[in-house]
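Here's a walk through this model, strand by strand and ring by ring. Keep the viewer open as you read.

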Amino acid sequence: MTWLSRILICFALACLVPTGQAEAHAALVEAVPADGAVVATAPSSVRLRFNEPVSLLVIRLIDAKGVTHGDLHHEARDQAITIHLPDGLPQGTQVLSYRVTSSDGHPVGGALVFSIGAPTAEPAPQATGTRSPLAVAIWLARLALYVGLFAGAGGAFFAAWIGREATTPSSRTIVRAAIGIGIAAAVLSVGLQGLDALGEQLPTLASLHPWHEGFRTSFGLTAVTAILALACAWIALRGDMKTVALIGLGGAGLALALSGHASAASPQWLTRPSVFVHGMAAAFWVGALVPLALIVHEKRGASLPIVQRFSDWAVRAVGLMVSAGVILSVVQLETPAALLTTDYGRVFLAKMLAVMGLVGLAALNRQRLTPMLRLKEAGPRHLLRSIVGEIGLAVVILGLVATWRFTPPPRALAVLPAEPVKMHIHAPAAMVELTLAPGRIGPATASLSLMTGDFGALDPKEVTVTLAKPDAGIEPMQRRAARTPDGTWRVEGLVLPVPGRWQVRVDVLVSDFEKATLEDTVEIHP
């Protein structure tokens with residue numbers, strides 16, 4: 001069986017991994033009661049609807065008196081979670097804090113604020129985002145895992161298939177160290193994933209709970225696969241076992257394909273194999289750099305056959321890596337504008353600059369510096385410097401990829417803005433439930449439901465909606481609302497040209513002698 005046949009078998013196994021139905025990073029699209037709503041009586045439950053099925057990790061209700069209710073019964077069905085509230089909630093503002101995990105293995109947190117009777121001072125909700133020390137720990141562990149997978153599994157593959165007897169003892173020691181770092185990082189990342197999922201602090205890592213929760217996420221399977229892949233790399237390194245080394249390299253690609261933004265995106269028959277190929281090809285390239293540099297350093301001109309053999313293989317690997325990368329980029333970014341308007345896109349641009357530098361050095365090595373190896377002094381020295389530059393750029397790229405752990409891709413962010421945005425504005429004389437659909441830039445429609453300040457019926461003579469964004473140089477746009485047959489009011493033909501926080505004012509002419517003005521702000525998405 002040829003090496004290409006073995007790679008195709010690994011590719012097929014990646015395609016057979018159960019994928020489920022995932023849309024890449026969960027987003028809350030509806031809450032009942034809505035965020036900011038004021039209700040006359042205490043609701044018996046709260047319903048949260050997401051853009052994909054999720055698993056509830058943590059739920060806490062902080063009532064108007066500051067009492068925390070942590071043991072809340074809940075039910076999950078399809079994309080919705082129903083949380084049953086305790087009886088006898090006090091009048092005032094309540095804060096429901098939640099954390100869920102989505103199909104890509106990343107936890108998502110948020111807080112829903114609603115009031116019973118009338119708003120009061122909001123109790124302080126517990127933080128739901130990733131805290132800075134934990135975020136740094138997650139990033140470092142993820143970077144160490146990537147270094148272990150790429151330098152470990154890729155280095156062992158190079159030693160078995162390309163370097164063979166020319167691989168130096170010092171390079172084998174470095175590859176073994178990378179394997180050890182990768183295994184340790186895989187284990188640690190499970191606990192850190194659990195901390196993030198539960199919204200806990202770093203000291204909680206000493207308990208079993210975060211490890212259990214981290215293993216339950218899709219990242220748990222990634223960690224197990226990564227450890228097995230690195231174990232194969234270790235075994236292959238000891239005996240130059242080519243088949244075992246190939247399994248280790250394929251396992252590195254498979255580990256990356258089992259969780260994360262890209263692998264959870266639709267269509268998964270395309271994205272998961274693309275992640276597998278992209279990761280496997282990158283591991284081959286990056287993993288070869290350190291052993292190759294040491295061979296050039298120690299063998300000098302005698303390293304020419306090894307360098308040429310690697311160069312021939314690298315051309316094919318780069319072709320596979322770029323092809324798979326283009327597919328994933330199109331799926332994740334969706335539009336070119338996302339490159340500049342989202343954090344994911346900006347990290348992608350930084351990564352592309354580093355990749356272009358890496359490919360440029362590789363082309364220089366192949367076309368100019370490899371033939372110069374025949375020169376006894378200058379040739380090996382120049383090539384060695386170039387390979388060291390490649391190693392530095394590879395570490396930068398892995399660090400940028402680890403940053404994607406905290407940046408939802410544009411395709412996931414697009415789900416939420418497509419849904420309407422709702423806001424509740426309450427004043428003594430009147431209150432309004434205002435809906436802007438869709439909640440993103442471009443044409444929009446405003447719908448308004450009006451009541452008196454004490455929840456009575458309100459039949460105003462005239463309603464006017466004004467939107468403004470002074471920080472973008474947009475002066476107030478005033479539109480008169482039209483009454484609909486069902487008693488609500490509607491404004492057609494609104495155009496919101498830029499994203500961000502907009503000022504909203506609703507003027508309600510209650511009678512010829514009374515006018516109520518309600519003001520707030522609303523977030524419009526890209």
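Let's begin at a strand pair: Glu462 has Leu509, in β17, as its bridge partner. That contact belongs to a set of 7 bridges joining strand β13 (residues 462-469) to strand β17 (residues 500-511), and the two run antiparallel. Here two strands pair if DSSP finds at least two bridges between them. Helices (H or I, at least four residues) and strands (E, at least two) are DSSP runs, numbered from the N terminus.

Before going further, some ground rules. This is a predicted model, where local features need pLDDT of at least 70 and side-chain atom pairs count only at pLDDT 80 or more, while totals for chains, interfaces and linings use all residues. Residues are numbered from 1 along each chain as its sequence is written, and side-chain values use heavy atoms, with hydrogens and water left out.

β17 also pairs with strand β18 (residues 514-524), in the antiparallel sense and over 11 bridges. One of the partnerships puts Gly500 across from Ile524 in β18. With 2 residues between them, β17 and β18 make a hairpin. Ile524 also turns up in a long-range pairing: its C-alpha is 9.1 Å from that of Pro438, although the two are 86 residues apart in sequence. Pro438 sits in the loop between β11 (430-437) and β12 (442-452). Is Pro438 buried or exposed, or something in between? At 22% relative accessibility, Pro438 counts as partly exposed; the cut-offs are under 20% relative accessible area for buried, over 50% for exposed, and partly exposed in between (1.4 Å probe, protein chains only).

**The open sheet**

Elsewhere, 5 strands form an open sheet with mixed pairing, in the order β2-β9-β8-β4-β5. β2 (38-39) and β5 (68-69) are at the edges with a single partner strand each, so one side of each has no neighbour in the sheet. Helix α3 (residues 169-198) packs on this sheet, where it touches β4 (55-62), β8 (92-101) and β9, and its direction makes about 40 degrees with that of β4. Contact means heavy atoms within 4.5 Å, and the angle is taken between N-to-C directions, from 0 to 180 degrees, using lines fitted to C-alpha atoms (for helices, over the stretch in contact). β2 is joined by 2 bridges to strand β9 (residues 107-116), and these two run parallel. Val38 has Ser115 as its bridge partner in β9.

Ser171 is one residue to look up in α3. Ser171 is buried, at 1% relative accessibility. Not counting residues up to four places away in sequence, Ser171 touches Pro291 and Leu294.

**Rings**

The structure has 11 aromatic pairs. Rings of Phe, Tyr and Trp (its six-membered ring) pair if their centres lie within 6.5 Å; planes under 30 degrees apart are stacked, over 60 edge-to-face, and the rest tilted. Two of the pairs are set out here.

| Pair | Centre distance | Plane angle | Type |
|---|---|---|---|
| Phe50 and Tyr98 | 6.0 Å | 80 degrees | edge-to-face |
| Tyr344 and Trp404 | 4.7 Å | 10 degrees | stacked |

Phe50 is in strand β3 (residues 45-50) and Tyr98 in strand β8, so to speak distant parts of the chain, 48 residues apart. Phe50 is buried at 1% relative accessibility, and Tyr98 is buried at 5%. Tyr344 is in helix α11 (residues 343-369), and Trp404 is in the loop between α12 (378-403) and α13 (410-413), 60 residues away along the chain. Tyr344 is buried with a relative accessible area of 7%, and Trp404 is buried with 13%.

There's also an aromatic cluster made of Phe157, Phe158, Trp161, Phe284, Phe310 and Trp313. Lys242 lies over the face of Trp161, 4.4 Å from the ring centre; the test asks for NZ of Lys or CZ of Arg within 6 Å of the ring centre and within 35 degrees of the ring normal.

**Nonpolar cores**

A nonpolar core is a set of buried Ala, Val, Leu, Ile, Met, Phe, Trp, Tyr and Cys residues joined through side-chain atoms within 4.5 Å. The largest one has 73 residues, and among the members touching the most others are Leu149, Phe158 and Trp161. α8 (268-299) is one of the helices supplying at least two residues, and the largest share, 16 residues, comes from α8. A second, separate core of 32 residues includes Ile425, Val432, Leu450 and Leu458.
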